[in-house]
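Q: Hi! Could you walk me through how the chains in this model meet?
A: Happy to, let's look together.

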Number of protein chains: 4
Amino acid sequence: MKRLTLAQQGRLHYALSPLNEPKLIVKPGETVIVETEDAFSGQIKSEKDRRNMKAIPFSNPQTGPIRVEGAEKGDTLIVDIKDIRPLTGQGATRISSWWWYLGPDGSATLSQFLNLEIPHGTRICPIKDNKVYFDDGIVLPYEPMIGTIGTAPEIEAISSYLPGPHGGNMDLPDVCVGNKLYLPVHVTGALLYLGDVHATQGDGEVCGTAIEMPAETTLTVDLVKGKAINWPRIESPDYLMAVATSGSGRPLEEAVRIAFMKLILWLEKEYGFDRWDAYQLCTQVAKVRLGNLWTVAAKFPRKYL
Amino acid sequence: MKRLTLAQQGRLHYALSPLNEPKLIVKPGETVIVETEDAFSGQIKSEKDRRNMKAIPFSNPQTGPIRVEGAEKGDTLIVDIKDIRPLTGQGATRISSWWWYLGPDGSATLSQFLNLEIPHGTRICPIKDNKVYFDDGIVLPYEPMIGTIGTAPEIEAISSYLPGPHGGNMDLPDVCVGNKLYLPVHVTGALLYLGDVHATQGDGEVCGTAIEMPAETTLTVDLVKGKAINWPRIESPDYLMAVATSGSGRPLEEAVRIAFMKLILWLEKEYGFDRWDAYQLCTQVAKVRLGNLWTVAAKFPRKYL
Amino acid sequence: MKRLTLAQQGRLHYALSPLNEPKLIVKPGETVIVETEDAFSGQIKSEKDRRNMKAIPFSNPQTGPIRVEGAEKGDTLIVDIKDIRPLTGQGATRISSWWWYLGPDGSATLSQFLNLEIPHGTRICPIKDNKVYFDDGIVLPYEPMIGTIGTAPEIEAISSYLPGPHGGNMDLPDVCVGNKLYLPVHVTGALLYLGDVHATQGDGEVCGTAIEMPAETTLTVDLVKGKAINWPRIESPDYLMAVATSGSGRPLEEAVRIAFMKLILWLEKEYGFDRWDAYQLCTQVAKVRLGNLWTVAAKFPRKYL
Amino acid sequence: MKRLTLAQQGRLHYALSPLNEPKLIVKPGETVIVETEDAFSGQIKSEKDRRNMKAIPFSNPQTGPIRVEGAEKGDTLIVDIKDIRPLTGQGATRISSWWWYLGPDGSATLSQFLNLEIPHGTRICPIKDNKVYFDDGIVLPYEPMIGTIGTAPEIEAISSYLPGPHGGNMDLPDVCVGNKLYLPVHVTGALLYLGDVHATQGDGEVCGTAIEMPAETTLTVDLVKGKAINWPRIESPDYLMAVATSGSGRPLEEAVRIAFMKLILWLEKEYGFDRWDAYQLCTQVAKVRLGNLWTVAAKFPRKYL
């Protein structure tokens, strides 16, 4: 099985760009193992460590891009997540300014304006036997997920902090083992990036960091040729999910509406529902998942298909 | 057991006001059965029925208020939901303009501006044997919940369309049988209103109406004397939940933040957590529920208490 | 000329309700002088004064309601603002938690969560000769305006903190001398309330309080019979303005959109514009005013009528 | 005087990237003339023209980048706008889906979901003698401005549709002749891009396009060495302005707050104000400008400096 190690990767990426050289080339249907650094750029290994922003001024480093042979603009990339394992037997978490996530410089401005002093709360959490040791008393289930994963946009290079139609920093717990993620292909080869794996995460990722861990993820990559989607989808054994994100001119309320419109149009086009029936049925049976505070998934239970 | 029937109630209320006469007086600890009309003001009984806004210009009628003896401003009211049954063996749903819910007149303005013609989709759903018959092929579980329930504000009379610190139109599926709802007491007697019961509902209630039904709800009402909360809480066997709602100057993002701040301060005050530890733990284990598009609950799993 | 003094008024109101007794009855076309207390409920008269929330637990007291003879639901009330004068020769301002205005209890929760300590900045500003003395060096023009003014809703009693389709706490500098405010009439007699007069105010009223002053305001009240509006309008010598506010399910972006839709439909209906031409013309010539952080006016220059 | 013509430019850019080759190199203090294509990628020259998205799939083309000698990360770039002239004697406007601007694909989804049919309203507007001929009867003043202007981000390539800390698609009428725009420098040479010039524009640019024109703009470019700003500033003869934009996790309300925090911290740092005094003073005298629906400027009148 092909493997893209951190050593092979070398320099990690902090923006999902169409211009970076592929670090691995795979065929549709192929399964690969991809190593990723943690969201702290690998700088928090013990509780006394602090981020050194001079040495590495960015967080959320991405492995890749992985080039998928035969992928062309207008196709859809399938990422079937087979396995996620910690690389070092531990994860780390801390309170970032992201609770008040206001984008580049916004949170810093708020902290400066209000002279906020919030504890960083750096915490190392051992991971073993499918458990995450949050502290002496609290043990969490190991429910690993990929926080950031996406394809290269056509002409933009999007910061790995941000989510969007290309995927990116969605922090959705549903991007987990056993589920398939569908991403739009904007450029030849698709150019898949991933990183920011979490040992576990709650909805909203409200303090800004989950249990962040360097990880190895086993993925089977495949293509749907000639079928375009404009925003990510996820399929689990139980749900179809349409993802949308907030952004410029698109507050969280709009992200929820877009996710539902996407979901309903999907049910109409691929499952034969009448649009307005699907709308009414979603009203009764759909679930909503908040990833981070700016990503939502609208979820339709498969049992009603 | 005391019962407040629709016949005893007579005129229903469309605003939660401190000024309405109590229709029932109960003691703390007492269990009562309360009948409520459906959100369509009882006008949709068959698929050819339409709302007659001249006859009844409002929706979401409320039964009550129920006066709780001994309740004073600064107490907390507990509503323990024991049972919810349909009154007529059926529910109804339709597409309202609430998908684009923009508040009084906002949705109508949008429809007018864009010349929207959206099917109303009126649909009658028989309810029996713990099942809701959405259409010939699709059968939903009967998972009843109270869409609108709240206490009288101190000096306002709040439309039954709106949620807020007093509760109101939260449309949270967690306000269901087996759970306890905690509401702030702002006036002597608490003055509890409820209505808008749903046979089942998805997160977001996105077409604007769930399976709306006239219902009889069995509640045990109790008080926490001398302890004030400022926004509703819910306790289920598995979760502690803090509720917040969007409103003037408070978009959905802020409602999520407020719900989490409430949840964390609650964990700090009543369960001995350090605030910042609780913040970090919520980040890993909390769930978020979207009621309607303007109400959220931040949920903490009891197993970590 | 009729005058409604604070002495005649007696108890002030903190919610705009249809149920309060009129304190003054006027005929359409009549001019009256109305005295109002300041937004601090009259408790900040010197820089060492603090709000005593036990004595008066609310802010933004309202004078009224004023009953307008002949006003019926479906009419429009015209308030022509003739003059605004300070009652005491001074105004006051301070930093409230409203910068982060998150509605009832939201701001308090944020302050508690972050242990915020923000100076109150209580400041008394003498007013004379059409000037407001902010401090020793900074002198502001006296540009008085009414912060809160509205008609009674049909069945709600809306807190005087909140704006909405009924008007209320809009804090729009355009509600000033020389301009006409149009308000919907929801109940017989219209029931006009006003208060919260400002000696001057910037856009956004960002620290939460303008130069707040007790005032006497001269108004001519009139009616447009049989013509309903659903949200306030303002006419100045130079602009037509449509007002909208944020609220539940209606973030600020939506308030802006609603204000523009209202403005464009108004130009279509009353000035003979094609809707889409008006839309395009507004794009080129309209101005937007932010009142407080949750109220906007879309302004169309009369010179293009 | 140096001139960067469209012919010299050749291929235009649709993302502001640090990786594009400079098309012109200038020294600090130098004045240059820059030609820009219109936002329609030059495809709307008569009222029967339509955008050919196959030929040019993007809008808002940018001229540049212009490299400024000596500019380094951490400096601030000054763009002093001396003159803006139409290149072809006309501008064009039409209704884009941007009214409901919901970002990439969001608006299209809404249109699809609701089967919207909105007239495109393509309109050619002659420009002469400082006037813009909107139609036979309506003549607008020629008040030209630069819709999109920004520096290269450090590692991202940001779509020319989007605004952000780097500037970009702000659509602020204050970016006009006689004013100075300050932009952060993130990379060596600053790499300035501009395009999307408007003959005139209202606040909010609500139909999505102003009077779009190919233009030649005369700029004097200069540097503030060693002083970093994190978001654009504008200085006019009358105002200091701090700009902020909405984005992921940052609805419009937050953009307003960030703009004001930036403005106040600026007054504190460079003009000797106490922070809280400045906050209070802004509350009384500041203005707010909405550029497009996702960009705001908080404006402080210089006369109070």
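**Where chains meet**

Q: How many salt bridges does the rule find across the interface of chain D and chain C?
A: The rule finds 2 salt bridges across that interface. A salt bridge here is a side-chain nitrogen of Lys or Arg within 4 Å of a carboxyl oxygen of Asp or Glu.

Q: Before we go on, what should I know about the model?
A: This is a predicted model, where local features need pLDDT of at least 70, side-chain atom pairs count only at pLDDT 80 or more, and totals for chains, interfaces and linings use all residues. Residues are numbered from 1 along each chain as its sequence is written, chains are lettered from A and ligands numbered from 1 in the order in which they are written, and side-chain values use heavy atoms, leaving out hydrogens and water.

Q: Back to salt bridges: which residue does Arg123(D) pair with?
A: Its partner is Asp277(C), and the closest N and O atoms are 2.7 Å apart.

Q: How many residues of chain D are in contact with chain C?
A: 53 residues of chain D are in contact with 53 residues of chain C; contact means heavy atoms within 4.5 Å.

Q: And what area do chain D and chain C bury between them?
A: About 4500 Å², with 65% of it on carbon and sulfur atoms. Buried area is the accessible area (1.4 Å probe) that two parts lose on being put together, summed over both. In chain D, the residues losing the most area to chain C are Arg257(D), Gln280(D) and Gln284(D), together 17% of what that side buries.

Q: New topic! How do the axes of helix H2 of chain A and helix H4 of chain D cross?
A: The axes of H2 (residues 106-114) and H4 (residues 275-285) come within 11 Å and cross at roughly 110°. That makes H2(A) roughly perpendicular to H4(D), a label for angles of 65 to 115 degrees.

Q: Which residues make that contact?
A: H2(A) brings Gln112(A), Phe113(A) and Leu114(A), while H4(D) brings Arg275(D), Trp276(D) and Tyr279(D).

Q: How many salt bridges does the structure hold over all chains?
A: There are 84 over all chains. One of them links Asp105(B) and Lys262(C), the closest N and O atoms being 2.5 Å apart.

Q: Why does that pair join two chains?
A: Asp105(B) lies in the loop between strand S7 (90-93) and helix H2 (106-114) of chain B, and Lys262(C) sits in helix H3 (residues 252-271) of chain C, so the pair joins two chains. Helices (H or I, at least four residues) and strands (E, at least two) are DSSP runs, numbered from the N terminus.

Methods: Axes are lines fitted to C-alpha atoms, for helices over the stretch in contact, and angles run from 0 to 180 degrees between N-to-C directions. Angles under 35 degrees count as roughly parallel, over 145 as roughly antiparallel, 65 to 115 as roughly perpendicular and the rest as oblique.
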